[in-house]
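Reader: I would like to go through the labels attached to this model one at a time, and to see the reasoning behind each of them. Could you take me through it?

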Amino acid sequence: MTFYIGRESSKLWKRICAETTTELNLLAENWKYLLAGVVCQYIHGLAARGVHYIHRPGPTLQDVGFMLLPELGQDKAYISETLFTFIFVSFFLWTFHPFIFKSKKIYTVIVWCRVLAFLVASQFLRIITFYSTQLPGPNYHCREGSKLARLPPPKSVLEVLLINFPRGVIYGCGDLIFSSHMIFTLVFVRTYQKYGTRRSIKQLSWLLAIIQSFLIVASRKHYTVDVVVAWYTVNFVVFFIDKKFAELPDRSNGIGSLLLPVTNKEKDGRTKEETHKLLNGNSGDPADWRQRTQVNGKNLEDGNTVHVDGAMNGA
């Protein structure tokens with residue numbers, strides 16, 4: 001029993017080491033895209049912080065969602081954030097599952113490059129939208145009479161650049177249309193919908209996204225329009241951007257190496273190799289690797305005999 005456990009542990013360790021080596025190679029090729037995505041996350045936070053300075057509290061706007069859903073209140077506002085945290089952490093851990101499990105369909109680095117591309121595009125549209133028109137925040141800390149509803153003018157540039165994370169993000173006001181929580185939620189759910197393998201989890205993910213939408217409205221973090229706009233905007237963004245990327249082969253089919261970046265030298269080498277095979281009558285397909293017999297300069301397949309002109313004339 002001890003030997004079996006030790007052998008399985010050794011296999012797991014080898015799998016982790018092999019996957020780490022592969023991912024590091026991919027990271028060396030794609031680190032610029034990942035860094036750009038992370039920097040854009042900071043810029044998005046900076047923009048949300050900046051709009052808080054110009055936010056002006058006012059009467060809560062008439063909203064159908066507020067009429068239908070009772071307010072959770074300050075004491076139960078954590079429910080929405082708890083569900084969002086669960087979705088975020090679950091997706092983050094799933095993207096690293098190739099390091100542990102044998103069934104591998106994705107590369108972590110490549111998936112996060114795509115996820116960050118979806119997030120950046122959606123957040124860029126969001127920044128344009130909430131800076132165009134500032135709505136009075138419906139959350140309890142953004143209403144009239146709250147000290148957090150208006151930020152005093154910054155004393156220094158450093159105060160703005162530090163964003164006051166995470167308090168400045170949790171108690172932000174003015175960055176309403178459209179919901180940032182729904183951007184992350186929908187991007188994660190759509191990514192798992194495409195690359196995930198368990199149908200039950202896919203169905204559960206969409207259900208959690210719907211529940212998250214209702215909780216955001218019930219907690220008064222956003223108006224209903226913020227959630228509705230997020231649903232169709234993020235889905236359109238992911239759909240059109242995803243079409244620009246090459247399709248990812250399934251690693252579980254044993255062709256995962258095709259996912260690795262191909263350098264120009266490798267491309268030239270492959271082209272020359274394929275040309276050489278074609279010139280020699282071999283397409284490179286294993287199905288075409290049949291034995292050929294050469295008779296009087298003619299290639300014969302499967303050793304079949306044909307009558308050449310000389311044989312037919314009795315020569």
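Author: Let us start with Cys-113, keeping in mind that this is a predicted model. Cys-113 has a relative accessibility of 17%, and since buried means under 20%, Cys-113 counts as buried.

Reader: Why is Cys-40 called partly exposed?

Author: Cys-40 has a relative accessibility of 27%, and because partly exposed lies between the limits of 20% and 50%, Cys-40 is placed in that class.

Reader: How do you know that a disulfide joins Cys-142 to Cys-173?

Author: The S to S distance of Cys-142 and Cys-173 is 1.9 Å, and a pair of cysteine sulfur atoms within 2.5 Å is what the term requires, so the pair qualifies as a disulfide. By this rule the count for the model comes to 1 disulfide. The pair links distant parts of the chain, 31 residues apart, with Cys-142 in the loop between α4 (108-132) and α5 (157-161) and Cys-173 in the loop between α6 (167-170) and α7 (180-195).

Reader: What makes the link of Cys-142 and Cys-173 left-handed, and are Cys-142 and Cys-173 buried or exposed?

Author: The link of Cys-142 and Cys-173 has -90° about the S-S bond and is described as left-handed. Cys-142 stands at 3% relative accessibility and Cys-173 at 1%; because the limit for buried is under 20%, Cys-142 counts as buried, and Cys-173 counts as buried too.

Reader: Why is the pair of Phe-88 and Phe-188 called edge-to-face?

Author: A search of the whole structure finds 19 aromatic pairs, and Phe-88 and Phe-188 form one with 5.4 Å centre to centre and 65° between the planes. Since ring centres within 6.5 Å make a pair and planes over 60 degrees apart count as edge-to-face, the pair of Phe-88 and Phe-188 receives that name. Phe-88 lies in helix α3 and Phe-188 in helix α7, so the pair ties together parts that are 100 residues apart in sequence. Phe-88 is partly exposed, with a relative accessible area of 31%, whereas Phe-188 counts as buried at 2%. Both belong to one aromatic cluster, whose members include Phe-84, Trp-112, Phe-184 and Tyr-192.

Reader: Which residues have the most contacts inside the largest nonpolar core, and which helices supply at least two residues of this core?

Author: The core has 43 residues, and those with the most contacts inside it are Val-115, Leu-119, Val-187, Phe-188 and Val-234. At least two residues each come from α1 (2-53), α3 (78-94), α4, α7, α8 (199-218) and α9 (224-242). Val-187 touches Val-115, Phe-118, Leu-119, Val-234 and Val-238, residues up to four places away in sequence not being counted.

Reader: How do you know that the side chain of His-222 makes a polar contact with the side chain of Asp-226?

Author: The distance given for the contact between the side chains of His-222 and Asp-226 is 3.1 Å, and because the cut-off for a pair of N or O atoms is 3.5 Å, the value falls inside the limit. A polar atom of the His-222 side chain also lies 3.1 Å from the backbone oxygen of Leu-176. His-222 lies in the loop between α8 and α9, and at 6% relative accessibility His-222 counts as buried, since 6% is under the limit of 20%.

Technical notes
Residues are numbered from 1 along each chain as its sequence is written. This is a predicted model: local features need pLDDT of at least 70, side-chain atom pairs count only at pLDDT 80 or more; totals for chains, interfaces and linings use all residues. Side-chain values use heavy atoms; hydrogens and water are left out. Helices (H or I, at least four residues) and strands (E, at least two) are DSSP runs, numbered from the N terminus. Buried means under 20% relative accessible area, exposed over 50%, partly exposed in between (1.4 Å probe, protein chains only). A nonpolar core is a set of buried Ala, Val, Leu, Ile, Met, Phe, Trp, Tyr and Cys residues joined through side-chain atoms within 4.5 Å. Contact means heavy atoms within 4.5 Å. Rings of Phe, Tyr and Trp (its six-membered ring) pair if their centres lie within 6.5 Å; planes under 30 degrees apart count as stacked, over 60 as edge-to-face and the rest as tilted. A polar contact is a pair of N or O atoms within 3.5 Å; within protein, one must be able to donate a hydrogen and the other to accept it, and residues adjacent in sequence count only if both atoms are side-chain atoms.
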